[in-house]
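Let's take a walk through a protein model together. Have the sequence and the 3D view open side by side, and follow along as we go.

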Amino acid sequence: MEQLLKSGNADPLFIVWDKNHDTDYYPDSTKEEQESLRIAVQALIELNYFHEQRSSIDIFRTCQSLVWEYMNPMNLYHVLTAFTRQKRYPKLKRVKSKYSVFNYVAVEKPTK
């Protein structure tokens with residue numbers, strides 16, 4: 001994940017994927033962290049945080065402040081992906097930005 005500086009250069013913030021992405025050395029803590037993140041994202045949806053598009057890094061920083069501990073960005077990715085794939089509401093939509101990163105926005109429940 002990168003942010004653009006005023007100079008136009010990219011400043012790396014964090015890397016979501018690594019060489020051993022499919023190896024989880026701490027599966028129990030990963031499940032606990034994903035559950036904490038799921039609760040945090042659910043709360044943010046209910047508080048209308050996603051009424052406008054939010055970048056991955058904004059969501060990461062907000063969730064980290066809610067959880068109050070280090071969190072693995074990959075776990076947040078899995079939680080956000082789950083919210084984009086679920087059939088029921090509330091759910092999120094992943095939107096690719098012009099900077100080749102993904103933003104997330106809430107999908108409103110259709111009214112009859």
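First, a bit of vocabulary: helices and strands here are DSSP runs, with at least four residues for a helix and at least two for a strand, numbered from the N terminus. Keep in mind, too, that this is a predicted model.

**The overall plan**

The protein chain has 3 helices and 5 strands. Go along the sequence and you meet them in the pattern β-β-α-β-α-α-β-β. Of its 112 residues, 34% count as buried. The accessible surface adds up to about 8,200 Å², and carbon and sulfur atoms own 52% of that. As for contacts between residues at least 6 apart in sequence, 47% of them join residues at least 24 apart.

**How far to trust it**

The chain has a mean pLDDT of 79, with 72% of its residues at 70 or more. Where is confidence lowest, and where is it highest? Strand E1 (residues 2-4) sits at the bottom with a mean of 50, while H3 tops the list at 91. Where pLDDT is low, the predicted coordinates should not be read in detail.

**Inside the core**

The largest nonpolar core holds 19 residues, and those touching the most other members are Val41, Phe50, Ile59, Cys63 and Leu76. Helices H1 (27-46), H2 (56-67) and H3 (73-85) each supply at least two residues of this core. Pick out Phe50 in your viewer: not counting residues up to four places away in sequence, Phe50 touches Val41, Leu44, Ile45, Ile59, Leu92, Tyr104, Val105 and Ala106.

**Two residues of H1**

Leu44 and Gln42 both have their place in helix H1. Is Gln42 buried or exposed? Gln42 counts as buried because its relative accessibility is 18%, and the cut-off is under 20%. Leu44 is buried as well, with a relative accessible area of 7%. Here is how these two compare with a loop residue, Asn48:

| Residue | Relative accessibility | Class |
|---|---|---|
| Gln42 | 18% | buried |
| Leu44 | 7% | buried |
| Asn48 | 51% | exposed |

Leaving aside neighbours within four places in sequence, Leu44 is in contact with Tyr49, Phe50, Thr62, Cys63 and Leu66. Leu44 and Leu66 are 22 residues apart along the chain, yet 9.9 Å separates their C-alpha atoms. With the same kind of neighbours left out, Gln42 is in contact with Phe83 and Pro90.

**A closer look at H3**

How well does the length of H3 agree with what its residues should span, and why? At 1.5 Å a residue, the 13 residues of H3 should span 18 Å, and the end C-alpha atoms are 18 Å apart, so the two agree. At the start of H3, a side-chain oxygen of Asn72 reaches to within 2.9 Å of the backbone nitrogen of Met74. The buried residues of H3 are Pro73, Met74, Asn75, Leu76, Val79, Leu80, Thr81 and Phe83. An α-helix has 3.6 residues a turn, so residues three or four places apart point the same way.

**Two loops to look at**

Pro90, one of the contacts of Gln42, lies in the loop between H3 and strand E4 (91-96). The peptide bond from Tyr89 to Pro90 is cis, with omega near 0°.

Asn48 is in the loop between H1 and strand E3 (54-55). Although Asn48 is not a glycine, its phi is positive, at about 60°. Asn48 counts as exposed because its relative accessibility is 51%, and the cut-off for exposed is over 50%.

How values were computed: Residues are numbered from 1 along each chain as its sequence is written. This is a predicted model: local features need pLDDT of at least 70, side-chain atom pairs count only at pLDDT 80 or more; totals for chains, interfaces and linings use all residues. Side-chain values use heavy atoms; hydrogens and water are left out. A nonpolar core is a set of buried Ala, Val, Leu, Ile, Met, Phe, Trp, Tyr and Cys residues joined through side-chain atoms within 4.5 Å. Buried means under 20% relative accessible area, exposed over 50%, partly exposed in between (1.4 Å probe, protein chains only). Contact means heavy atoms within 4.5 Å. Accessible areas come from the Shrake-Rupley method with a 1.4 Å probe; for residues, only the protein chains shown count as cover. The expected span of a helix is 1.5 Å times one less than its number of residues. A polar contact is a pair of N or O atoms within 3.5 Å; within protein, one must be able to donate a hydrogen and the other to accept it, and residues adjacent in sequence count only if both atoms are side-chain atoms. pLDDT is the predictor's confidence in each residue, from 0 to 100.
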